[in-house]
Amino acid sequence: MKLYPDREREFTDFVTARRAALVRTAALLVSGDTAKAEDVVQTALTNLYLAWPRVRPETAEAYARRCVVNAATDEHRSLFRRREQVRAELPELPADAPDDDDRTMLALLATLPPRQRAAVVLRYVEGLSVAEAADALRCSEGNVKSQSARGLQRLRELFPAPLTL
């Protein structure tokens, strides 16, 4: 499938501008594994490219975010992911090692089930509204509210706030 030159350029410009943010969101959705996040974004961008002729410019970002959430969810469900993989060489190391706060946040997010993690990341890390998160997750706004509330409650149990005197 080949896009018209103008749409091809629009897609390239969109990916150039938004790829880093999509990788950051994907990394939070897959518990900080940068390599896995890159794979998720690659899958999402492939799906986005195929749908690009039907995507309206004003909804492109929301559509891309939905593609990332779906790809992360599919990645989590994949049987291939669950099998142990033996390699002759060590995998590439991440270019930027996360600091202690990032590791703590990723470890806490990893304790949440995938749907709760996605709701918390989209609402409180990405700053989306309930309606935008519901659109990305393809669920009702009430489901986003309950998933994010349960996720926050779980995070508070695991990492209680310091006492203020």
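A crossing of two helices counts as right-handed if the near helix is turned clockwise from the far one by less than a right angle. That term comes back in the third view; everything here is from a predicted model.

**View 1. The whole chain is built from helices.** The protein chain has eight helices and zero strands, so to speak an α-α-α-α-α-α-α-α run when read along the sequence. Of its 165 residues, 35% are buried. Take the contacts between residues at least 6 apart in sequence: 64% of them join residues at least 24 apart.

**View 2. Helix H7 has its buried residues on the same side.** H7 spans residues 130–137, and its buried residues are Val130, Ala133, Ala134, Ala136 and Leu137. They sit on the same side of H7 because the arc they cover around the axis is only 160°. As a reminder, residues three or four places apart in an α-helix point the same way, because there are 3.6 residues a turn. The cover over the buried residues of H7 includes helices H3 (60–77), H6 (114–125) and H8 (141–158). Just after H7 comes Arg138, with a positive phi near 55°.

**View 3. Zooming in on H3 against H7.** The two axes come within 8 Å and cross at roughly 55°. That angle makes H3 oblique to H7, and the crossing is right-handed. On the H3 side, the contact is made by Ala62, Arg66 and Val69; H7 brings Asp135, Ala136 and Leu137. Sorted by class, that contact has four nonpolar residues, two charged ones and no polar ones.

Key
Residues numbered from 1 in each chain as written. Predicted model: local features only at pLDDT ≥ 70, side-chain atom pairs only at ≥ 80, totals over all residues. Heavy atoms only, no water. Buried < 20%, exposed > 50% of the residue type's maximum accessible area, 1.4 Å probe, protein only. Helix = DSSP H or I, 4+ residues; strand = E, 2+ residues; numbered from the N terminus. Arc of directions from axis to C-beta. Contact = heavy atoms within 4.5 Å. Axes fitted to C-alpha atoms, helices over the stretch in contact; angles between N-to-C directions. Parallel < 35°, antiparallel > 145°, perpendicular 65-115°, else oblique. Nonpolar A, V, L, I, M, F, W, Y, C, P; charged D, E, K, R; others polar.
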